[in-house]
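Subject: Structure handover

Hi there,

Here is the structure I promised to pass on to you. Please have it open while you read, as my notes follow right below.

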Amino acid sequence: MKQYLFSFETDYPKHLEWKETIPAGGMLEAFLKAKQLVKQYAKEKGGLIRVEYIGVRYLN
């Protein structure tokens with residue numbers, strides 16, 4: 001299992017930036033989970049969310 005790191009950012013109503021670690025078996029699964037999080041956060045925060053892929057951590 002790997003941990004994929006993503007940065008989320010929004011400017012509405014005020015500037016917020018946070019990072020999420022998403023455990024996933026592969027890159028596609030991680031991006032699908034990140035997409036679901038964007039939809040959830042957009043409803044909660046009421047604005048556009050920018051996402052940036054940071055990297056991957058490998059777990060033993």
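What follows is a short tour of what turned up in it. Please keep in mind that this is a predicted model.

Let me start with the core. The largest nonpolar core has eleven residues: Y4, F6, F8, W18, I22, A24, A30, A34, L37, Y41 and I49. Strand β1, strand β2 (16-24) and helix α1 (27-45) each give at least two residues to this core. The largest share, four residues, comes from α1. As background, nonpolar side chains in soluble globular proteins tend to be buried together.

Two members of that core are good places to zoom in. F8 has a long list of partners once residues up to four places away in sequence are set aside: L16, E17, W18, E20, A34, L37, V38, Y41, I49, R50 and V51. Among these partners, W18, A34, L37, Y41 and I49 are core residues themselves.

The other one is I22, which sits in strand β2. Its relative accessible area is 5%, so I22 is buried. Again leaving out residues up to four places away in sequence, I22 touches K2, Q3, Y4, F6, A30, K33, A34 and L37. The pair I22 and K33 is worth a look on your screen: eleven residues separate them in sequence, and their C-alpha atoms are 7.4 Å apart.

Next, a polar residue with no exposure. T10 belongs to strand β1, which covers residues 2-10. T10 counts as buried because its relative accessibility is 0%, and the cut-off for buried is under 20%. What does the side chain of T10 reach? It is the backbone oxygen of L48, at 2.9 Å. Beyond its neighbours within four places in sequence, T10 is in contact with H15, L16, W18, K45, L48 and I49. Of these, W18 and I49 are also part of the nonpolar core described above.

Now for the charged side chains. How many salt bridges are there? The count comes to three. Two of them involve R50, and E9, D11 and R50 are linked in a network.

In the R50 and E9 bridge, the N to O distance is 3.5 Å. R50 is in strand β3 and E9 in strand β1, so this pair ties together parts of the chain that lie 41 residues apart in sequence. In the D11 and R50 bridge, the N to O distance is 2.8 Å. This pair also links distant parts of the chain, with D11 in the loop between β1 and β2, R50 in strand β3, and the two positions 39 residues apart. What about the exposure of the network's members? R50 is partly exposed at 40% relative accessible area, D11 is partly exposed at 43%, and E9 is partly exposed at 22%. R50 also appears among the contacts of F8 listed earlier.

The remaining bridge joins the side chains of E29 and K33, at 3.3 Å from N to O. Because E29 and K33 are four residues apart in helix α1, about one helical turn separates them. E29 is partly exposed, with a relative accessible area of 36%, and K33 is partly exposed too, with 31%. This is the K33 that touches buried I22.

Finally, the outside. M27, F31 and Y53 form a nonpolar patch on the surface, and together they have about 260 Å² of accessible area. Y53 is found in strand β3, residues 50-58, and its relative accessible area of 31% makes it partly exposed.

One more stop is P13, in the loop between β1 and β2. Is P13 buried or exposed? P13 is exposed, with a relative accessible area of 66%. P13 and M1 are twelve residues apart in sequence, yet their C-alpha atoms lie 36 Å apart in space.

If you only have a few minutes, I would look at the core around F8, the side chain of T10 with the backbone oxygen of L48, and the network of E9, D11 and R50.

Happy browsing, and do write back with any questions.

Best wishes

How values were computed
Residues numbered from 1 in each chain as written. Predicted model: local features only at pLDDT ≥ 70, side-chain atom pairs only at ≥ 80, totals over all residues. Heavy atoms only, no water. Buried < 20%, exposed > 50% of the residue type's maximum accessible area, 1.4 Å probe, protein only. Polar contact = N/O pair within 3.5 Å; in protein donor to acceptor, adjacent residues only side chain to side chain. Contact = heavy atoms within 4.5 Å. Core = buried A, V, L, I, M, F, W, Y, C linked by side-chain atoms within 4.5 Å. Patch = residues over 30% accessible without salt bridge, like charges linked within 9 Å, V, L, I, M, F, W, Y side chains within 5 Å. Areas by Shrake-Rupley, 256 points an atom, 1.4 Å probe, with all protein chains shown as cover. Salt bridge = Lys/Arg side-chain N within 4 Å of Asp/Glu carboxyl O.
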